[in-house]
Each structure stands twice: as structure tokens, then as C-alpha cells.
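Q: I'd like a close look at one part of this model, and then a walk outward from there. Could you keep it chatty but specific?

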Amino acid sequence: MALSPVPAPGRPTGPPTGHVPGGPTGALTGHAPGGPAGLPTGQVPGRPTGRRPGAGTGTGAVPARAARPAELPSVHGALLCVALPALAVCAEHGQLTGEGPEGVYAAGRRLLSRCVLRVAGREPVALQGRMATADRAVFLGVLRVPGDLGPDPGLTVERTRSADGSERITLRSAVARPLRLPVEIALGSDLADLGAVASGRPGPELTASVHGTGLRWTGDDGRSVAVTADPPPMDALAAAGVLRWEADLAPGGTFTVRLRVRDGSPTRPTGSSGAGAGRPGGHVLAEAFAEGDDPRPGDLLRASVEDLRALLQRDPAYPADVHLAAGVPWRCGPVTAEALWAARMALPLGTRLAVTTLHALGRTQLSGGGPESGRLRAPLRDAGPHLPPRCTGIEATLAFPVVLAEARRWGVPAADLDDLLPVAERCLGWLLRTVGASGLVPDPGPAGPWRAETQAHAHRAALLGADLLDACGRSGGDALREAARTMRERFRREFWLDDPAGGRPSVARGPDGRSWSQLGGWAAHLLDTGLLGGGRHAQGLLDRTETEQVARLLGTPALDSGWGLRSLGTKEPGHNPFGHRAGAVRVHETAVAVAGLAAVGHEKEAAALLRGLLAAAEAFTYRLPEMYAGEQRTAGGRPVPHPAACRPAAVAASGAVHALLALAGIRPDAPGRSVSTHPLRSAPLGAIRFSGLVVAGEPFAVRVGRLGLGMVEEAAEGLQLGV
């Protein structure tokens, strides 16, 4: 079971089902992908300025809840331990105070809202909080013990907390005399739904009861949670929610308490009682490595793979199928188009994730004989300040055959290909009917508008879909290639806007012939043409001159912030550095631009964007958010977080993988038993080696030297190496 998706207050996303007007309705999937732009900033999770009455005091009072505004709290300053469906949101000081979104969650329910440690009646002085792995955080604090006269603390407090709430607390004494110190942990639970927490209305804390070696809380709906302690506490005060010990510490000695959170709900899904229990892992995503002259790519790749694994969640009705949650903590609902794009960018880590994601999305396909038959269901998504919402169902429908075709190039098993091919055929059938004689795909409905990004997705789907059908002995390839030719002709005729600077593509056209000319990161999708056999890229919508111009535009200061690609240029009306489609840096769009620029030979622009993304990743301790502010990079500056961005996020983590591997330019053709590399000849990060990748179902490693020459060091037996 996945965490419940949280609707974004104040953002219009169109009809909740996201259906094309006149077409059948789809399933509500909650908050639309793309980032919750336009939201209030909320409160940064951190140490509260005041202590809530009774918290950790042992007075027996259950703390009262203060009213909060209905807004998404900011989590960019929090440490998020993730192993879905388990999640722990922690402030850097390590105490769980119950403020904002802090707490331990399972399947969208907050199991533990408070966990406040006091030693000798005082809270430790927090010194450091950091992520150790994607699902585990470590906190360090100190205390001066009674009788110490100097400024040096004699007691170190180390805490390690996992996504499922299990925690180890160790007191370490450096004092030269034996110590006997009272230790208490104040616990609280409200069993609040994540949506209620997000809106600031979680409800009151529940009253605890003594249970075994700890405490238990039970909600009105019968759901319960228990916290057990080892060693057992000397006292358990149910009314106060407090566990107490007397810690005896010899000089240099330690005292350790272990806590475990148990979801006692009778409806708890299998595997949700602990992070990692029954979770998918290495068999879905390989553990890839990068090493070289610059250590940052290795750190970013390691963290990104960890985050992708942490975001994996199972389809409740089909446990064999896993997909990536869009982002934590707000976007962990049903499978989305975004999960499919993330699976595509993660193909170098294996094809299994793509297969299971395609299966999950394929079950949303509309059937019957109507005009919408073959389209995938999904909600509308905000498209920024200039255009109406777009349909993510159309986006997913156009992505489906592309991901399957490219997964085939990376080595998807034949049985999986056979299972998924009928769904891809129906997607392509919908595309042909929708394009018709007009040569364009309207989005979200028949009345348009016609968006350039959607046409790029449709053109890619037509060419890769034709290649896929031909290879599988199915008919329809010629019709798709003819549709792609019609798209190119009309796009070049109607979407290219000439000007003295060399021209630009328009972002969209309306039914009345109006053009929207705002330039933004969306243009990167025009360079993402898709992979065919023999290491060839498919033809794009643009001709060579137009491709060169778009590549140059992507490298201009108006779009390249120094931290990545802005979603809308600084010179465009409506620019907002925090707008997810109006000027913020969207990581996956930057990654698409890096790979696309590298493919068309614009290494200077590709390298500049990659360096900016890498610098941003370092500032975010290599856990990239889905987006951040498109403020201009300055000497000594840092990227500015977006207050409502998810972190980690699927497309950010997979986008990092995609951007880094553009350095090597791996182009597999498993059916043709070949693989070629097209590295950046400028070697912008020096020498680098990638290992642990997967091509044709076997480990793959490649090295790029300082002169920009690629060398395959490990590959499947019989795989021919091209250039």
C-alpha cells in the first residue's frame, strides 16, 4: 500500500479524473505530477521556538494541538528516511516534536508523532544531523553532566533512526567518574492521515496504554501502534506517554536503548511493519558506481540509486508490480506518467523497473471502440502561467511505446515484451486516430491547444513505435512513419517562429492560430528523439538548422541558471524563479537537455548544464529535489530550495543517472547484439568509469579517459562493441 497522495491546495488541475472532455473518466490519482507550484511556503521543519505544554515533562498532560493554516509544510530542511511505505520525517536536531510533518509514517498514516529524549531532565544540545543512507539518519548531541565545572561536555548522545521508526539511542560517557543518570523518552501518536498532517489538522494525540515493554495507542477506527523498548524501562507512565530508565555509566562506558515501532492495525498490508520488509531492491535496480578524477559523480550516482530504491512501492492489487513514487512526502500515490519517465531514465540500471511500471500503467488503459480507446487514464497537470492544464494520460500514452521500445534495446526479456506489446499497440492506435489528417496531437482535448512538447512526445512515439512493430512482426509501422512525416511538416511550418536572432520554437498553438512564444526548458524535449537500432537516434521534429538554434538557446544565460535549466526564461513574461513551469529548475528537464545536447554535438552547452547540476547536487548533499529556484548562480552562492518540492523525487534521482551517463553516451542494441559508446570528447569532468550497469541482462562497465575516448571494460558475452 502506498502513502496517500496529498492534493496541492490552491492549484487548479482541472477535472479530478483528468479525462479528456467528451471522453471517459479516469481514476483519481491525487496531486498531479510536476511539482506543487503556487503553494504557500509553510514552516520549515526544525526545532520549534517554544515547547508545547507537557511535552516530555512527565506531568501527565496530553499536549494540545495548536491550529495551523491549511498549507503544505515545507520539508526542504528536514531529513527524510525513506523505504516506502515507511517514512520518517526528522528535524536536524533528531527530536520528534510533533510539529509540522515530523514523525514516523507507514502507508500514509503517522504512527509516531513525538519522540523526545531527555537526560537528567535536559534535552541534548544538538550538533549534527545527517543522512547515512536513504532510509537511515544519524544525529549527534552532547550534554554537560551535573558537577562539571568546565565548558566541555562529558556525555555524547548518538541516535540512529530508520524509516520504519526503529531507533538506537546511545549515551557515551567521557567523564572520569561513574555516573547514574535518569533517562526519559516522551512518546506520542495521533495516527493522523498524511493529508490531515499536510493541511495542519492532524487531530489530538491519543492516550497511551502500557503494552509489554513500551506503550500502545489505539484510534477510534481500531488501528493501533505500539512502541517497544529494549532494555525494558523501569517506569512506563501511560498518561504522560513517558518511558524512564536509570542509566549507569562507568568511565568510558555506554548505555543504549533500542526502540521499535509496530503497526498493530489488523488491516496492515503485508510487509509494512518495517522498512525493507518484503521490499523490492537489487533485483529491480542494479547498484551502479562511478569513480574518476572528480569524486562528485560517484557520490551523486550512489545517492540517486539509493533514493530510487527507497521510492519503490508495490501495486497493492498486484504485488509483483513495483513502480516509483513520484516523490516524498507528498506524492506517493498510484503510478503516474512521471514514474514511467523515471523508469526510462533508469534503464541503464536494468529493465525490470520499466517492465513492472509498464504493467501497472497498462491496467489504466481505456478499452472499447470509442475515440479514446487505447489512451491511459491520468489526471490533468498544471502547465504554468500561460497555458491551460495538460493531460498526463496523453503523456503516459505517448511514453508507453517509447519506454518499451528502448527497454528492448537495453535487453528486456522476450516474455515481458510479448506481454506488453498489445498495450503498446493500442497506445499507437490511439495516436494514429488522434493525429488523423491534422498531423498534431491536441492536449488536453480535441479543441487544443497543440503543445510543442506533446508533439515531441508523439513524434518520438510514432518512430520508435514503428520500429518496435516492425521488429515484432506486427503491422502498422508504415502508417506511423507517415504520421511522423506529417507531424514534422506541420511542426516546421507552424511552430517555428523566425526572428533576427535565428528564430525559436513556439511552446504551443491555439485553435485560432495564436502562438505562445515563451521559451523555456520544455524545448529540451525537442532534442530527445529516442533510440533506434545500431546506436542511432531517431529523426526529430526539427531540421538541422533549427536543432542547432535550439541547442544554442538552451545554453543562453536566460535559460541556464548556472544550477541547471530554467523552466521559463528570465526574459519571458510571467517568469518566476519559484514557478515549477515558470522559471524553477526542474532536474529531469535539465537531464533531458544534457543528454539531448550531447547527442547533437553541442558539448559546451551540455557540459555547462551538467556542471551546474552537479554543483547543485553537492549543495543538496547529493539528494536532489524535484525542483529548486531558478535564481542565477553567483560566486559563493548556493541553490535556493523550493519550499514545496519533494525530496527525494523519482525524476530527480533518475534524471541524475541520465545526465551522468551522458558523459559516456552508451547506446545499446541488445537485439542486434551490439553496444556503442559516444562519450563527450571534451571530458568535462576528467576521466570517469561507470560500473554495475546492465546491458542485455549482464553487467556492463565503461571508462572514459581524459582525452574523451571511451572503452568498454565489461559486457555480456557475444556483445559486439561499436563506436
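Which residue in β13 does V210 stand opposite?

A: Bear in mind throughout that this is a predicted model. The residue across from V210 is L215, in β13. V210's side of the pairing is strand β12, residues 209-211, and β13 covers residues 214-218. The two strands run antiparallel, with three bridges joining them. Two residues sit between β12 and β13 in this hairpin, and in the turn G212 has a positive phi of about 60°.

Now follow β13 to its other partner. Strand β14, residues 224-230, also pairs with β13 in an antiparallel way, this time through five bridges. One pairing to look for is T218 with S224, the latter being the bridge partner in β14. This second hairpin has five residues between its strands, and G222 takes a positive phi near 90° there. So much for the glycines.

Positive phi turns up in residues other than glycine too. A120 is one of them, with phi near 55°. You'll find A120 in the loop between β6 (114-119) and β7. Its relative accessibility is 27%, so A120 counts as partly exposed. T621 is another, with phi near 50°, and T621 sits in the loop between α11 (603-619) and β29 (627-628). T621 is exposed, because its relative accessible area is 58%.

While you're around β7, residues 125-133, have a look at L127, which lies in that strand. With a relative accessibility of 54%, L127 counts as exposed. Together with V125 and L140, L127 makes up a nonpolar patch on the surface, and the three have about 260 Å² of accessible area together.

That patch is worth setting beside the interior. In soluble globular proteins, nonpolar side chains tend to be buried together. Here the largest nonpolar core has 161 residues, and the members that touch the most others are L431, L624 and F690. Helix α5, residues 392-410, gives the most to this core, namely eleven residues. There is also a second, separate core of 44 residues, with L79, L155, L181 and V261 among them.

To get a feel for one of those hubs, pick L624. Beyond its neighbours within four places in sequence, L624 is in contact with a list of residues including L300, V587, L613, P648 and A656. R647 is also one of the contacts of L624.

For a polar residue that is tucked away, try T547 in helix α9, residues 544-554. T547 is buried, because its relative accessible area is 16%. Setting aside neighbours within four places in sequence, T547 is in contact with L527, L542 and V600.

On to the charged side chains. The structure holds 44 salt bridges, and a few make good stops. R375 and E372 meet in one of them at 2.6 Å, N to O, and both R375 and E372 are buried.

Another salt bridge joins E494 and R490, with the closest N and O atoms 2.8 Å apart. Both of these residues lie in helix α8, four residues apart, which is about one turn of the helix. Helix α8 spans residues 477-494. Apart from neighbours within four places in sequence, R490 is in contact with S438, L440 and F495. R490 and L541 are 51 residues apart in sequence, yet their C-alpha atoms are 9.4 Å apart in space.

E572 and R504 also meet in a salt bridge, at 3.1 Å, N to O. This pair links distant parts of the chain, 68 residues apart: E572 is in the loop between α9 and β28 (585-586), while R504 is in strand β25, residues 504-505. E572 counts as buried, because its relative accessibility is 13%.

There's a network as well: salt bridges link R390, D443, R451, E453 and R581. D443 from that network has a second feature, a cis peptide bond to P444 with omega of about 20°. P444 is in the loop between α6 (414-435) and β23 (450-451). Another cis peptide bond joins V328 and P329, with omega of about 5°. P329 is in the loop between β20 (318-324) and α3 (337-345).

If you want to return to the starting point, go back to V210 opposite L215, then step along β13 to T218 and its partner S224 in β14.

Terms used:
Residues numbered from 1 in each chain as written. Predicted model: local features only at pLDDT ≥ 70, side-chain atom pairs only at ≥ 80, totals over all residues. Heavy atoms only, no water. Pairing = 2+ DSSP bridges. Patch = residues over 30% accessible without salt bridge, like charges linked within 9 Å, V, L, I, M, F, W, Y side chains within 5 Å. Areas by Shrake-Rupley, 256 points an atom, 1.4 Å probe, with all protein chains shown as cover. Salt bridge = Lys/Arg side-chain N within 4 Å of Asp/Glu carboxyl O. Buried < 20%, exposed > 50% of the residue type's maximum accessible area, 1.4 Å probe, protein only. Contact = heavy atoms within 4.5 Å. Core = buried A, V, L, I, M, F, W, Y, C linked by side-chain atoms within 4.5 Å.
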